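User: Please go through this model with me, one question at a time, and give the reasoning before each value or name.

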Amino acid sequence: MVSSTGTSLLLAVPAAVVGAASMGLASAAQARATKEVAVGKILDPGLLRGLAHRPLWLIGMIATGAGLALQLVALAFAPLLVVQPLLITSLMFAGVISARLERRPLDGVMVTGSLICVAGLAAFLLVARPSGNADSFTIGTQPLPLAIALAVLTVVALVVALLVHGSARVLGLAVATGVLYGVTAGLMKVVAGQARSGLAEPFQHWTLYLVCLVGPLGFLLSQNTFQQGRFLTPALAVITALDPLVGVAIGVWWMGETAASGPGALAGEAIAGAVIIVGIVLLSSRAAHLDHTQPGQDTRFRPQQSKGAA
């Protein structure tokens with residue numbers, strides 16, 4: 001006989017993986033579409049107006065909606081510590097779909113880097129042994145330290161993105177996007193729990209309205225990230241790694257979820273984190289190499305470039 005926890009995971013895990021596939025499709029389609037419009041200033045909503053006329057971008061939006069809906073389903077039945085790490089599989093889906101859209105073969109090094117990132121987060125999940133499935137903020141926690149840390153990281157990343165150019169700008173945008181996506185996921189977990197009490201319940205709490213602010217801001221930053229970076233995979237690796245890690249932090253610090261914290265577990269989690277970083281570094285270095293050896297490949301997708309763009 002399957003336990004209630006087992007039944008919940010049977011619903012949550014497939015929903016999270018299929019949602020990750022949808023988000024991978026969305027990222028690949030949107031990244032391709034952003035190359036077809038003029039490069040503008042960071043956080044300029046005009047970018048979205050230009051993209052709204054691109055059929056490929058609209059397909060990406062539909063996939064985004066499906067991915068978010070499936071993520072909500074997964075979050076309604078499983079803790080953040082289970083759902084969020086599964087989302088990094090979107091990196092593999094996005095890499096394959098992006099290669100097909102650009103009519104280029106899969107790069108072996110890129111595939112290896114993606115697999116390393118996925119393996120690192122899978123190892124983190126196995127070592128952390130997550131438990132708990134709170135759907136509200138836990139009384140007695142201290143949310144301020146984590147909130148300050150996430151806010152500072154986002155601001156620093158945005159300052160870097162605004163002041164520098166090239167790969168450092170893409171990195172800054174990706175970091176800010178990943179943090180905001182992780183915060184959005186944590187808030188969506190609360191909204192999903194409220195919705196189980198009634199569809200009107202979320203509208204009576206501040207959490208939903210904060211999601212409506214943070215979520216679109218993260219989405220706009222993601223479009224800037226895709227447009228500024230030539231290759232999708234490195235930037236998406238940063239986003240999809242930070243997103244679940246921030247989600248895990250929110251689950252533990254704000255919602256009372258638990259993870260293994262013994263010396264051996266902490267060492268294993270640190271090693272898994274290092275593996276993720278190795279994967280991201282490999283992806284970034286490979287992208288820089290390909291960009292150097294194949295100059296000018298993407299220029300036909302940039303009809304014009306505004307002043308001050310990278």
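The questions and answers below deal with confidence, a salt bridge, a helix, a buried residue and a surface patch.

This is a predicted model, in which local features need pLDDT of at least 70 and side-chain atom pairs count only at pLDDT 80 or more, while totals for chains, interfaces and linings use all residues. Residues are numbered from 1 along each chain as its sequence is written, and side-chain values use heavy atoms, with hydrogens and water left out.

User: Which element of the chain has the highest mean pLDDT?

Analyst: The pLDDT is the predictor's confidence in each residue, from 0 to 100, and the chain averages 80, with 85% of the residues scoring at least 70. Among the elements, with helices taken as DSSP runs of H or I of at least four residues, numbered from the N terminus, helix H4 (residues 80-86) has the lowest mean, 71, and the highest, 90, belongs to H7.

User: With which residue does arginine 54 form a salt bridge?

Analyst: The structure holds one salt bridge, the term meaning a side-chain nitrogen of Lys or Arg within 4 Å of a carboxyl oxygen of Asp or Glu. Here the closest N and O atoms are 3.8 Å apart, and the partner of arginine 54 is glutamate 36. The pair links distant parts of the chain, 18 residues apart, with arginine 54 in the loop between helix H2 (46-51) and helix H3 (55-77) and, in the loop between helix H1 (4-34) and H2, glutamate 36.

User: How far apart are the end C-alpha atoms of H3?

Analyst: The expected span of a helix is 1.5 Å times one less than its number of residues. For the 23 residues of H3 this gives 33 Å, which agrees with the distance in the model, 34 Å.

User: Is glutamine 30 buried or exposed?

Analyst: Glutamine 30 lies in helix H1 and, leaving aside neighbours within four places in sequence, is in contact (heavy atoms within 4.5 Å) with residues including Trp57, Gly60 and Thr64. Those three are themselves among the buried residues of H3. Buried means under 20% relative accessible area, exposed over 50% and partly exposed in between, with a 1.4 Å probe and protein chains only; because its relative accessibility is 3%, glutamine 30 counts as buried.

User: What accessible area do Leu144, Ile148, Val152, Val156 and Val160 have together?

Analyst: Isoleucine 148 is found in helix H7 (residues 143-163) and, at 47% relative accessibility, counts as partly exposed. The five named residues form a nonpolar patch on the surface, with a joint accessible area of about 420 Å². Such patches take residues with over 30% relative accessible area and no salt bridge, joining like charges within 9 Å and nonpolar side chains (Val, Leu, Ile, Met, Phe, Trp, Tyr) within 5 Å. By the Shrake-Rupley method with a 1.4 Å probe, only the protein chains shown counting as cover for residues, the patch has about 420 Å².

Notes
Helix = DSSP H or I, 4+ residues; strand = E, 2+ residues; numbered from the N terminus.
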